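Here is a briefing on one protein chain. Please look over the sequence and the structure first, then read the points below.

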Amino acid sequence: FPLQGCKSSEDNIAACAMMVQTIDYKEVNGKAVQVRITQNQEPEHFLRIFHGKLIVLKGDGRKMSDFNNKTMLFHIRGYLEYNTRAMQVEPVASSLNSNDAFVLIHQDYSYLWLGREANSEERKMARSVMSYLTNISDPAVILEGKEPDKFWEILGGKQDYATEIVSQVNGIEMPPRLFHCSNASGYYKVEEIVNFSQEDLYEDDVMLLDTFKE
């Protein structure tokens, strides 16, 4: 699985492709099925490999030590054990979301922030991320609305953030779904975009956003 980060340079993409080819021919005589994966578009079978413990770093660091002494905020998202992941986001209050859990690491301070609608898998993943990144087995847990002043200070002050609750049916989350509609191939095709973000919108085509409620 060659994984292409959303900020990967052309040189890095080319180097990754060459490395995959080398490993393929060296290990299995070129018989491996290569599946290129783009960040934020990871298929289910890829996510299952990590058992809900995929951590994606933001920036140019090649190993965790490159991020020492930096403020880091991780967004924990997912609604099943196998598709939960931790994505590093900008360490500002506007990155928070009431539906999810977050891990904030800053020098001698580490917080596990739980949005009021964060599910059990996200809460469990948040603890795993905290333990992996800081070796803290019993982190300081903050419930939404109970934040200490130091928490907001680290994030640069209070800001508005996403608070609209994801729809649920019988306790099961029904997250929004995005569909790309296009006739570029000669016939009309509707394709779902999983784990979507704003960058997935196409200016020249029709996009359908299903929020379940509307």
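Four helices and 13 strands make up the secondary structure of the protein chain. The model is a predicted one. The C-alpha atoms fill a box of roughly 55 × 45 × 30 Å along the principal axes.

**Overall build**

- The protein chain has 214 residues, and 34% of them are buried.
- The accessible surface is about 14,000 Å². Carbon and sulfur atoms account for 49% of that surface.
- Take the contacts between residues at least 6 apart in sequence: 60% of them join residues at least 24 apart.
- The chain carries 22 positive and 32 negative charges. The mean positions of the two sets lie 5 Å apart.

**Salt bridges**

- Side chains of opposite charge can pair when their charged atoms come close.
- The count of salt bridges comes to five. Three of the pairs are described here, starting with glutamate 90 and lysine 58.
- Glutamate 90 and lysine 58 pair with their closest N and O atoms 3.6 Å apart. This pair links distant parts of the chain, with the two positions 32 residues apart in sequence numbering. Glutamate 90 sits in the loop between β5 (85-89) and β6 (101-106). Lysine 58 sits in the loop between β3 (54-56) and β4 (72-77).
- Glutamate 90 has 44% relative accessibility, so it counts as partly exposed. Lysine 58 has 38%, so it also counts as partly exposed.
- Glutamate 121 forms a salt bridge with lysine 124, and their closest N and O atoms are 3.6 Å apart. Both residues lie in helix α3 (residues 120-134). They are three residues apart, about one turn of the helix. Lysine 124 is partly exposed, with a relative accessible area of 46%.
- Lysine 150 and glutamate 153 meet in a salt bridge at 3.3 Å, N to O. They are separated by about one helical turn because they are three residues apart in helix α4.
- Lysine 150 is partly exposed at 26% relative accessibility. Glutamate 153 is exposed, with a relative accessible area of 54%.

**A buried charge without a partner**

- Aspartate 200 lies in the loop between β12 (189-193) and β13.
- Aspartate 200 is buried yet has no salt bridge. The nearest side chain of opposite charge is arginine 77, which is 8.9 Å away. A salt bridge needs a nitrogen-oxygen distance within 4 Å.
- Which residues touch aspartate 200, leaving aside neighbours within four places in sequence? They are Gln41, Leu178, Ile193, Asn195 and Met207.

**Nonpolar surface patch**

- Tyr188, Val190, Val206 and Leu208 form a nonpolar patch on the surface. Together they have about 390 Å² of accessible area.
- Valine 206 is in strand β13 (residues 206-210). Its relative accessible area is 45%, so valine 206 is partly exposed.

**Glutamine 159**

- Glutamine 159 is found in the loop between α4 (149-154) and β9 (168-169). The residue is partly exposed, with a relative accessible area of 37%.
- Beyond neighbours within four places in sequence, glutamine 159 is in contact with Val92, Ala93 and Ser94.
- Glutamine 159 and tyrosine 111 are 48 residues apart in sequence. Their C-alpha atoms are 18 Å apart in space.

**Separations along the chain and in space**

- Valine 28 is in helix α1 (residues 10-28). At 37% relative accessibility, valine 28 counts as partly exposed.
- Valine 28 and arginine 48 are 20 residues apart in sequence. From C-alpha to C-alpha, the two are 23 Å apart.
- Glutamate 153, in helix α4, is 129 residues from aspartate 24 along the chain. The C-alpha atoms of glutamate 153 and aspartate 24 are separated by 49 Å.

How values were computed
Residues are numbered from 1 along each chain as its sequence is written. This is a predicted model: local features need pLDDT of at least 70, side-chain atom pairs count only at pLDDT 80 or more; totals for chains, interfaces and linings use all residues. Side-chain values use heavy atoms; hydrogens and water are left out. Patches are made of residues with over 30% relative accessible area and no salt bridge: like charges are joined within 9 Å, nonpolar side chains (Val, Leu, Ile, Met, Phe, Trp, Tyr) within 5 Å. Accessible areas come from the Shrake-Rupley method with a 1.4 Å probe; for residues, only the protein chains shown count as cover. Buried means under 20% relative accessible area, exposed over 50%, partly exposed in between (1.4 Å probe, protein chains only). Contact means heavy atoms within 4.5 Å. Lys and Arg count as positive and Asp and Glu as negative; His and the chain ends are not counted. The place of a charge is taken as NZ of Lys, CZ of Arg, CG of Asp or CD of Glu.
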